[in-house]
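Student: I should like to learn how the features of a structure are read. Please show me the structure, and then take me through it.

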Amino acid sequence: MNADQNLPDDKVFHSIVKILEEMVPPETEIGLNTDLGGDLSIDSLKSMEILAKLEDEFDITIPINVLSEVRTVEDLVRQIKELI
Amino acid sequence: MSIFKKFQRLEESGKKLKKEFGAFFNVVLEEIISSTEAVINGKRVILAGTNNYLGLSMDDSCIEAACQALRNEGTGTTGSRMANGTFSGHVKLEKELSSFWNRSHTIVFTTGYGANLAVLSSLAGPGEIVLLDSDCHASIYDGCRMGGADIFRFRHNDVKDLEKRLKRLSERGTNILIAVEGLYSMLGDRAKLEEIAEIKQKYGAYLLIDEAHSLGVLGDNGRGLVEESGVNEQVDFITGTFSKSLGSVGGFCSSNHPEIETLRYASRPYVFTASPSPANIAAARKALDIIIHRPDLRKRLWDNTYSLHERLSALGLSLGPEITPIIPVRYQDPDEALSTWTRLLENGVYVNMVLPPATPDGSAFLRCSLSAAHTARQIEAIAEAFEKAAAAGNLH
């Protein structure tokens, strides 16, 4: 319900959106340019939860250092793709 | 754009917290009556949230040792350990800690935070890996970040999750350092050290344990979780602080790896800060001696722990996963935690309040930490205060 129709049919992106949807109020718009902290109020604790869920989803191990490189959903998509 | 703009969101959160929880953030201990009592808001209260596990901050012999050092050596060292800041007391304490932990080398740092910052930032560099328990203290996270290693968390005390990651990461063929704590400061549970040490051996990793809250508390001789769990030899690095059971200020790292001495040159947090004051070192030395020779203090601490845990449990409160001198009382609603904290203070008991996101699971809790110096009457008074607070809460 939240993903922008113009966004790529991308498994990583949709997985991230699905995880984020569980953490934000219903009907919140989430797109590639959505700022995780600024738009969605994702704090450090929630960031760790997101990483843990993505690790389970893609069976990967994500260094928490990536968080310093992540501001938007697109940043997170890029970081995860590098690890898959 | 103001240089402070990036703090805007934090400032707003801070204002909200101060408005709602101002009483908590503004606590001042106006007068220290003993290691378990102080005056707050003009009222005498029992301190049940100080990490002063053995009550040694007000021990007569520790105070006298600190006073003597103060008179003989001055108020400060005015220099780094690398330059003019190594006094004979620092060297003696390092030898005493090496003997205590049965290690060949010890380095004393200015704070416990500084010890973890110095050790982790130096041991694990770019291209190397640190695997840390998700409930590890901020000093461990900060040390890892400063060193530039790749940092991975494993789920709190989940040995299977640790092994899953170790298996994957060991394929990189680089050094891996696992970091855990003897007693986790928030929920008061122990690391599963025996199993972790076994896995560490299996994958050829290094193991660091922070015994900040377990020194003097766990083990027959107070030698922390490494003693209690019987895996002393498998632990590569033991870090800790003087600011809890030892009632002073400072930190340390003990190890059987002789190369640890290189940290005296390689570690910026060691080199570029003033060494601990003579009074702090003298107090820590005396307190360590007391830990070695006064097992009765540990027994009293644990008697108090069992006693309060039993009383709080009987009240139906939601407590932590293990019975240890750190007893968290959990609340789903932060407002309930605050109202209980306020009622406790009104009833003459101070405890810590921990709010999300600082809490491991997003809940809020009131954190009691007990002391050998608490009397049976004080333990009863703490339990009664919780009982009254709970009863008052039910009326609303």
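**Reading the pockets, sheet and interface**

Tutor: The lining of the second largest pocket consists of 10 nonpolar, 4 polar and 2 charged residues (Ala, Val, Leu, Ile, Met, Phe, Trp, Tyr, Cys and Pro count as nonpolar, Asp, Glu, Lys and Arg as charged, and the others, Gly among them, as polar). This is a predicted model, in which local features need pLDDT of at least 70 and side-chain atom pairs count only at pLDDT 80 or more, while totals for chains, interfaces and linings use all residues. Residues are numbered from 1 along each chain as its sequence is written, chains are lettered from A and ligands numbered from 1 in the order in which they are written, and side-chain values use heavy atoms, with hydrogens and water left out.

Student: How is such a pocket found, and how much space lies in the second largest one?

Tutor: Rolling a probe the size of a water molecule over the atoms shows where empty space is left. On a 1 Å grid over the protein atoms alone, a pocket is an open set of points with protein on both sides within 12 Å along at least five of seven lines, a cavity is a set where a 1.4 Å probe fits but cannot get out, and lining residues have an atom within 4 Å of a point. Points are joined across faces, edges and corners, and a volume is the space filled by probe spheres set on them. The second largest pocket holds about 280 Å³. Of its 16 lining residues, B:L123, B:A124, B:N175, B:Y206 and B:F237 are the closest to its centre. Two or more lining residues come from each of α4 (112-123), β7 (176-181) and α9 (263-266) of chain B (helices, H or I, of at least four residues and strands, E, of at least two are DSSP runs, numbered from the N terminus).

Student: How many cavities of 30 Å³ or more are there, by this rule?

Tutor: The count is 1. The largest cavity has about 30 Å³ of space, and its lining includes B:R81, B:F109 and B:Y270. The elements β4 (105-109) and α10 (268-271) of chain B each give two or more residues to this lining.

Student: In what order do the strands of the open sheet lie?

Tutor: In a regular strand the side chains alternate between the two faces of the sheet. Here 4 strands of chain B form an open sheet in the order β1-β2-β3-β12, with mixed pairing (two strands pair if DSSP finds at least two bridges between them). Its edge strands, β1 (31-34) and β12 (349-350), each pair on one side only. Strand β2 (residues 37-40) pairs with β3 of chain B in the antiparallel sense over 4 bridges, and B:V39 faces B:R44. These two strands form a hairpin with 2 residues between them, and B:N41 in the turn has a positive phi of about 50°. Strand β3 (residues 43-47) runs parallel to β12 of chain B, joined by 2 bridges; B:I46 is opposite B:V349.

Student: What area do chain A and chain B bury between them?

Tutor: The size of an interface is often given as the accessible area lost when the parts come together. Chain A and chain B bury about 1,300 Å², 47% of it on carbon and sulfur atoms (accessible area, 1.4 Å probe, summed over both parts). A:L45, A:T61 and A:I64 supply 40% of the area that chain A buries against chain B, more than any other three residues. Between the chains there are 4 salt bridges (a side-chain nitrogen of Lys or Arg within 4 Å of a carboxyl oxygen of Asp or Glu). A:D56 forms a salt bridge with B:K164, with the closest N and O atoms 3.9 Å apart.

Key. Buried area = accessible area lost by both parts, 1.4 Å probe.
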